[in-house]
Amino acid sequence: SVVDANQSTTLEVLPLCTPGGTKEWIPCCSTDLKPYVGMQFFSIEDGLKFYKTYAEACGFNVRKATTTKSKKGDVAFKYFLCNKAGFKEKRKAQVVDKLKDNEGGDVVVQSSLISRKRLVTRVGCKAKMLLKLLSKSSYVVTIFHEGHTHPLYTPSSRKFQKGCRKISMLHKKMIFDNSKVNIGPVKTFRLMKEYVGGYENVGASKEDFKNFHRDLKAYIEGSDAQMFVDNFKMKRLLWSAYFFDYEVDEDDCLCRAFWADPICRRNYSVFGDMVSFDTTYQFNKYNMIFGPFTGVDHHKRCVTFAGSFIAKEDVSSFEWLFSTFLKGMGGKEPVCLITDQDPAMGIAIKNVFDKTEHRYCMWHIMKKMSDKVGRAITKETDFLRSYVDVFGVWKLSRMSLKEVGNQLCVSLVCNPMIGLAKYMTLESCGFLPILGICLWVVS
């Protein structure tokens, strides 16, 4: 009778036995899964599928071997072997010549052997099955040897076998979709485990996920910037209020990019009086600097006005970025722009904005206070308390910059650490260095 390999079968792995204490392992499995001499199949593919099902239940992998064709071009004989059948050929080690100078100054050529240790995967196993062409519509099993010369793998190690590790389209799509939201292959593998109910049901290993993710990045390496631009162009076609602009350098590489969606532009029209711009985020791979434009809404929550990428923190890059920001926001300038102490950024702000007041971020000022006035002063509780009190009163009142400085000096006259403080020169607008202290000016 001809066997249909597509019929459903239940895999049941049973213990193997070694009859008579020989060095040959004979697997024990259901007779429905075991092939026999005289069994017929409709095609070579059906025979291979049936033998793989048998191998999966027994604990070994299958590989194709010799193929013999008839005069008409049909496959007359086809061997299927255990993956440990035969032996690997011994290859000669690669010889590398190195140049080395001896003590006399002469060049001596030295040869060294490069050898790589590999696992022994073939041990001369004799398990095999031979299919012979019986007619144009069927093949028959003429040889079947079920004994193995090596131990078979256990059901717990089945998921690590090469035949059970295949990246399916579901795996590929999940890795690709998760990479868009910065979820790596390892976390994707764990998520897949939760979906299917265990690592043994994933159908692939963690290394397979990592390898596909590596190949995916290598495939899009030369066109990743174009994909980035096309993505934003598509969004601009879908939403007319979406704003996007970019520039490339002389090597046709993406060096500047700016984007703002309709919600960000609407938030700026309502809460755009005070804008904070920070460029402390940098990507390791592309070396691009991310600069978000943020603000605060009426609920005191941070809102994003726009996002940008720049390759260099120079004057020309900041001038293009701020000009594009004004272009995307309809030419409306913010009342106050808060940044860090980047000198190139300060020059660009003066060249682009006419009515905007440039102020420095208080967080950066407090972070650098220990470097400016010394760690001993910043650890003094009276000093910090006086500084915070004066600064808090100044924020709630309309005191002038001079009055704030005088009040702070008066509050620290009796401080014994006053002799350690040094006068500093006025650097730029936004700072009042008094006794080594930098004050933030808010209009």
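1. A residue counts as buried here when its relative accessible area is under 20%, and as exposed when that value is over 50%. By that standard, 36% of the 443 residues of the chain are buried. Please keep in mind that this is a predicted model, and every value below is computed from it.

2. A word on the overall make-up before we zoom in. The chain holds 13 helices and 17 strands. Counting contacts with a sequence separation of 6 or more, 53% of them join residues that are 24 or more positions apart.

3. I would look at helix α3 next, which covers residues 185-196. Its 12 residues reach 16 Å from the first C-alpha to the last, close to the 16 Å expected at 1.5 Å a residue. Just after α3 comes G197, with a positive phi of about 95°.

4. Which residues of α3 are buried? They are P185, T188, F189, M192 and K193. Viewed down the axis of α3, these buried residues fall within an arc of 145°, so they line one face of the helix. On the face turned away from that buried side you will find the exposed residues K187 and E194.

5. What do the buried residues of α3 pack against? Their partners are α2 (169-180) and α4 (206-219). The next two points take the helix pairs that involve α2.

6. Start with α2 and α3. The two helices pack at an angle of about 130°, their axes 10 Å apart. That angle makes α2 oblique to α3, and α2 passes α3 in a right-handed crossing. On the α2 side the contacts involve L170, H171, M174, I175 and N178, while α3 contributes T188, L191, M192 and Y195. Of these, T188 and M192 are listed among the buried residues of α3.

7. Now α2 and α4. Here the axes come within 10 Å and cross at roughly 60°, which makes α2 oblique to α4. The crossing of α2 and α4 is right-handed. In α2, the residues H171, K172, I175, F176 and S179 meet F209, F212, H213 and L216 of α4. H171 and I175 deserve a click in your viewer: they appear in this set and also in the set of α2 residues that meet α3.

8. A lysine worth checking is K193, in helix α3. Is K193 buried or exposed? K193 is buried, because its relative accessible area is 19% and the cut-off for buried is under 20%. Leaving aside neighbours within four places in sequence, K193 is in contact with G198, Y199 and V202.

9. Two loop residues may catch your eye on a backbone torsion plot. N182, in the loop between α2 and α3, has a phi near 60°, a positive value in a residue other than glycine. N182 counts as exposed because its relative accessibility is 74%.

10. The other one is K300, which sits in the loop between β14 (293-296) and β15 (302-310). K300 is not a glycine, yet its phi is positive, at about 60°. With a relative accessible area of 77%, K300 is exposed. So the two lysines discussed in this note fall in opposite classes: K193 is buried, whereas K300 is exposed.

Conventions: Residues are numbered from 1 along each chain as its sequence is written. This is a predicted model: local features need pLDDT of at least 70, side-chain atom pairs count only at pLDDT 80 or more; totals for chains, interfaces and linings use all residues. Side-chain values use heavy atoms; hydrogens and water are left out. Helices (H or I, at least four residues) and strands (E, at least two) are DSSP runs, numbered from the N terminus. The expected span of a helix is 1.5 Å times one less than its number of residues. Buried means under 20% relative accessible area, exposed over 50%, partly exposed in between (1.4 Å probe, protein chains only). The arc is that of the directions from the helix axis to the C-beta atoms. Contact means heavy atoms within 4.5 Å. Axes are lines fitted to C-alpha atoms, for helices over the stretch in contact, and angles run from 0 to 180 degrees between N-to-C directions. Angles under 35 degrees count as roughly parallel, over 145 as roughly antiparallel, 65 to 115 as roughly perpendicular and the rest as oblique. A crossing is left-handed if the near helix is turned anticlockwise from the far one by less than a right angle, and right-handed if clockwise.
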